[in-house]
Amino acid sequence: MAHGSPRNRSGIAAAGRLILRRLGSALLTLLLVSLVVFTISALLPGDAAEETLGQSATPEAVAALRHQMGLDQPAHLRYVRWLGGMIKGDPGQSLVANMPVGQVIAGRLPNSLTLAGLTAAVAIPLALAIGLLSALYRDTGLDRALNLMTLGMVAVPEFLVATIAVLVFSVTLRWLPSITVVREGIGWAEMLRGYAMPVMTLACVTVAQMARMTRAAVIDQLSRPYVEMALLKGLSPSRVVLVHVLPNAVAPIVNAMALSLSYLLGGAVIVETIFNYPGIASLMVNAVTSRDMPLLQACAMIFCVAYLLLMLAADVCAILANPRLRGQ
Amino acid sequence: MTPTVPLREESMVKPASTAASRVRHWLSGLSTSGRVGLALVVLWLVLGAAGPLLAPYDVGAFVSPEVFDGMSAQHWLGSDYLGRDVLSRLLSGAQYTVGLALASALLASATGAGLALTATVCPRWVDEVISRFMDTLISIPSKVFALVLVAAFGSSLTLLLLIAAATYTPGAFRIARALAINLNQMDYVQVAYARGEGRLYIATAEIMPNMIHPVLADFGLRFVFIVLLLSGLSFLGLGVQPPNADLGSLVRENISGLGDGALAILAPAMAIATLTIGVNLLIDALPGRGRRITGGR
């Protein structure tokens, strides 16, 4: 980095502006997403008042409750009120739990974050290793084997991985419990045993995605002239990859990580349900089954926020890692 | 992306008999894994189309006194949790899974490509509006989006088809738009504009034929995603509703046999896996696409 100090400062300012613009764009997208989510869930044929009172309710009772819940207001007013509540952290009342949605979610969110964090901690090093190995030994037997393996893992549904894991580790070997119990004061060993299978299942799909993208990013760099130069100088291929290519491939790799971690969001829907894990995703599935719209909307928005945060993180890393991007 | 000569002209010059030789040539260019993929895809397409004709028993008939029975001469894949024939149910389930996913992927790819062409040849603001809308939809994780749609509209077969298509249209749009925008800058398209050709003509006759191959590969991927999405939803009990059952529902309804490692649960699960892995292997081996990332679910 042979930047003069003023140039460097202007580079940082440019990167800052770029990051701010991405942030603004993410916020705008989030606003539009909230509009989409609200519109879809407000298109319901029945509404929450009818749902709560059941079929035998008199029209007067339904109308009264509807008024009380503010459902007789025009849709745009309800949207503004809903959005305001969402921002203040009060997304309404859960119809089934009969509790504030915020409270229901607050009990579940840390669990989901723990699961996601553990999965990322397992998946990222593993994916990096697989991706780098197959890029390093590209077009050899090892690469082809790894390619087949990741391709298979990407294509297999999460519930298949989960059921096979349960079959092998809980039923046949009896090593691990088939549902994950989360409660205060359980020991580390107990916790690790409980988390092993959900984390393994989630990591499977994520690792495959991430490894494939890492490989693609590194191979893209390997075709550049500077790599040829380094090889002509007589450097060993592994040194070229680790010392020359990797720093240049950081941005695309981080991008790939963020993208793959977003698959974790979808995978969590299945995995949390299978292992009866008390997280946001299984909460959302319950909300769908019981048609608990306020809860569903809040869960959906949390997933969208998580997705946009991941994308934003990927963008920011890409901007910071590549000085050329700052100029754009 | 270099524009390829449309295949039509080639076949007009040569007699029809070369079609078979071209297929042979195409097959010989395919790697081993690609051929395995092709075989799996063809197998499941045939089973999906002819499933009920091949089924030895009626889908809903209780034919075995034993539940979760193993393989036998009468019941090749054993019996399920109610003593029904697993093979018959599997064939019927494959029909739902393959049929729904095919129709849905077709709808998603066609809508995506259509919107992409519209965005490319129409004034800039049309592109801005469509792209902004699609970017919004793509920011909702696909399973989450599908769950919201199922909660709002329900899950009849038609609705599931539409929901899966809506969920994967934004991705198809994004790929097709990138292709179409590139092609739109090509000299031969610019010449067509200069000739005064209409937008519809440019979209369908100039751009469309040259992006059809990558769009078809993307269609294959959409198909895989939709199979995974629909069977995932069915596995959660939110997809295909009883008495109908797709492969995901079969895994769900037989989940109590997991402890015995029953075929009733393994067979449909393996069916989904072989179908999706087959499509992925085939796409991965397609020429031109090389080993591009097969991801994006």
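Here is a chat about a predicted model with chains A and B.

Me: What makes residues of chain B count as being in contact with chain A?

Reply: The cut-off is on C-beta atoms placed from the backbone, which have to lie within 7 Å. By that rule, 41 residues of chain B are in contact with 44 residues of chain A. On the chain B side, helices H5 (124-138), H6 (142-153), H9 (199-235) and H11 (263-285) each supply at least two residues.

Me: What classes of residue does that side of chain B have?

Reply: There are 24 nonpolar, 12 polar and 5 charged residues on the side of chain B that touches chain A.

Me: Why are H3(B) and H11(B) called oblique to each other?

Reply: Their axes cross at roughly 135°. Parallel needs an angle under 35 degrees, antiparallel one over 145, and perpendicular one from 65 to 115, so what is left counts as oblique. The value for H3(B) and H11(B) fits none of those three ranges, and therefore the pair is oblique. The crossing is left-handed, and the axes come within 7 Å.

Me: Which residues make that contact?

Reply: From H3(B) they include Ser33(B), Gly34(B), Val36(B) and Trp44(B), and from H11(B) they include Thr274(B), Gly278(B), Asn280(B) and Ala285(B). By class, the contact of H3(B) with H11(B) has 10 nonpolar, 6 polar and no charged residues.

Me: How do H4(B) and H9(B) pack?

Reply: Helix H4 (residues 86-121) of chain B packs with H9(B) at an angle of about 145°, and the axes are 7 Å apart. This crossing is right-handed. The contact of H4(B) with H9(B) divides into 18 nonpolar, 5 polar and 3 charged residues.

Me: How do you know that the span of H7(B) agrees with its number of residues?

Reply: Helix H7 (residues 157-184) of chain B has 28 residues, which at 1.5 Å a residue should span 40 Å. Its end C-alpha atoms are 38 Å apart, so the two values agree. H7(B) still bends by about 35° at Tyr168(B), with a proline, Pro170(B), following within four residues.

Me: And what makes H10(A) fall short of a straight helix?

Reply: Look at the ends: H10(A), residues 237-274, has 38 residues, and a straight helix would reach 56 Å, but the end C-alpha atoms are only 44 Å apart. H10(A) also bends by about 60° at Leu246(A), and Pro247(A) follows within four residues.

Me: What is notable about phi of Asn276(A)?

Reply: Phi of Asn276(A) is near 55°, which is a positive value in a residue other than glycine. Asn276(A) sits in the loop between H10 and helix H11 (280-289) of chain A, just after H10(A).

Me: Last one: what kind of peptide bond joins Pro242(B) and Pro243(B)?

Reply: A cis one, with omega about 5°. Pro243(B) is in the loop between H9 and helix H10 (247-253) of chain B.

Conventions:
Residues are numbered from 1 along each chain as its sequence is written. Chains are lettered from A and ligands numbered from 1 in the order in which they are written. This is a predicted model: local features need pLDDT of at least 70, side-chain atom pairs count only at pLDDT 80 or more; totals for chains, interfaces and linings use all residues. Two residues are in contact if their C-beta atoms, placed from the backbone, lie within 7 Å. Ala, Val, Leu, Ile, Met, Phe, Trp, Tyr, Cys and Pro count as nonpolar, Asp, Glu, Lys and Arg as charged, and the others, Gly among them, as polar. The expected span of a helix is 1.5 Å times one less than its number of residues. The bend at a residue is the angle between axes fitted to the seven residues ending there and the seven starting there. Axes are lines fitted to C-alpha atoms, for helices over the stretch in contact, and angles run from 0 to 180 degrees between N-to-C directions. A crossing is left-handed if the near helix is turned anticlockwise from the far one by less than a right angle, and right-handed if clockwise.
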